[in-house]
Amino acid sequence: VNNIIKADTISEVTSANGVAVDGVTLKDGGAALTGNLTIDDDSQISLGASADLVIRHNAANGNSFITDAGTGGLYIQANSTLALQSQGTSENFLVGTSNAGVKLYHNNNEKFETTSDGITVSGISSISSATPLIQFIETDQSNKQYNIGCGGSGFFIRDESNSQFRYTIDTNGNHVFNEGSQDCDFRVESNGNANMLFVDGG
């Protein structure tokens, strides 16, 4: 009726307007589409015996979802470049290149990139926590570690390898070198004048 055929199984059907079925089971041959696959709002594509991977669109809020509910992970693989972009434009969110770096963007301006040497950051970097800290670890020199940060006592540079504050600026604006009273000299050099200012810490 009206060129729509309802059936329990389909082997081959040719229709001008389409085919309506309650369910289709594909055997070994699979299926090949030569046109578009259109699915109504709030319906979904389910892959796996337990709907392990689901692609769906929510008509109520306009959001779309790719949900991996299986026991394994979700892998997105690209031969050369993987890009997340704004729909309908070339505005980048993230671009990853095989055998190269990963770039993060703000309003299509590159702000962060991984490189063979580490990372490159463009702009202002903000670190927020109760005790914001940057750690420097010399992996080629017995894992010596130096921290730059701030806390209740103010700004500090700390030698973690020796558990000593080398330099601090307290909350009153006082500059303190060698807070731990170690045997460390203080020296200021100038052009052509070694030890222009020297304080013997011994």
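User: What makes the lining of the second largest pocket divide into nonpolar, polar and charged residues?

Analyst: In this predicted model, the lining consists of Arg-166, Phe-177, Asn-178, Cys-184, Asp-185, Phe-186, Val-199 and Gly-201. Phe, Cys and Val count as nonpolar, so Phe-177, Cys-184, Phe-186 and Val-199 go into that group. Arg and Asp count as charged, so Arg-166 and Asp-185 belong there. Asn-178 and Gly-201 are polar, because Gly is placed among the polar residues. The result is four nonpolar, two polar and two charged residues. The volume of this pocket is about 150 Å³.

User: Arg-166 is in that lining. Why is the contact of Arg-166 with Asp-159 called a salt bridge?

Analyst: The closest N and O atoms of Arg-166 and Asp-159 are 2.9 Å apart. The cut-off is 4 Å between a side-chain nitrogen of Lys or Arg and a carboxyl oxygen of Asp or Glu, so the pair qualifies. Side chains of opposite charge can pair when their charged atoms come close.

User: How do you know whether Arg-166 and Asp-159 are buried or exposed?

Analyst: Asp-159 has 2% relative accessibility. Buried means under 20%, so Asp-159 is buried. Arg-166 has a relative accessible area of 25%. Exposed means over 50% and buried under 20%, so Arg-166 falls in between and is partly exposed.

User: What makes Arg-158 and Glu-160 a salt bridge, and how is each of them classed by accessibility?

Analyst: Their closest N and O atoms are 2.7 Å apart, and the limit is 4 Å, so Arg-158 and Glu-160 form a salt bridge. Arg-158 is at 17% relative accessibility, which is under 20% and therefore buried. Glu-160 has a relative accessible area of 27%, which lies between the two cut-offs and therefore counts as partly exposed.

User: How many salt bridges does the rule give?

Analyst: The count is four. Among them is the one between Arg-187 and Glu-189, with an N to O distance of 2.5 Å. Glu-189 is partly exposed, because its 43% relative accessibility is not over 50% and not under 20%.

User: Why are strands E2 and E3 said to pair?

Analyst: Pairing needs at least two bridges, and E2 (residues 53-57) and E3 have five, so they pair, in the antiparallel sense. In one of these bridges, Arg-56 has Phe-65 in E3 as its partner.

User: What makes E1 and E3 edge strands?

Analyst: The sheet is open, with three strands in the order E1-E2-E3. Strand E1 (44-47) and strand E3 (64-68) each pair on one side only.

Terms used: Residues numbered from 1 in each chain as written. Predicted model: local features only at pLDDT ≥ 70, side-chain atom pairs only at ≥ 80, totals over all residues. Heavy atoms only, no water. Helix = DSSP H or I, 4+ residues; strand = E, 2+ residues; numbered from the N terminus. Buried < 20%, exposed > 50% of the residue type's maximum accessible area, 1.4 Å probe, protein only. 1 Å grid on protein atoms, 1.4 Å probe; cavity = no way out; pocket = protein on both sides within 12 Å on 5 of 7 lines; lining within 4 Å. Points joined across faces, edges and corners; volume = space filled by probe spheres on them.
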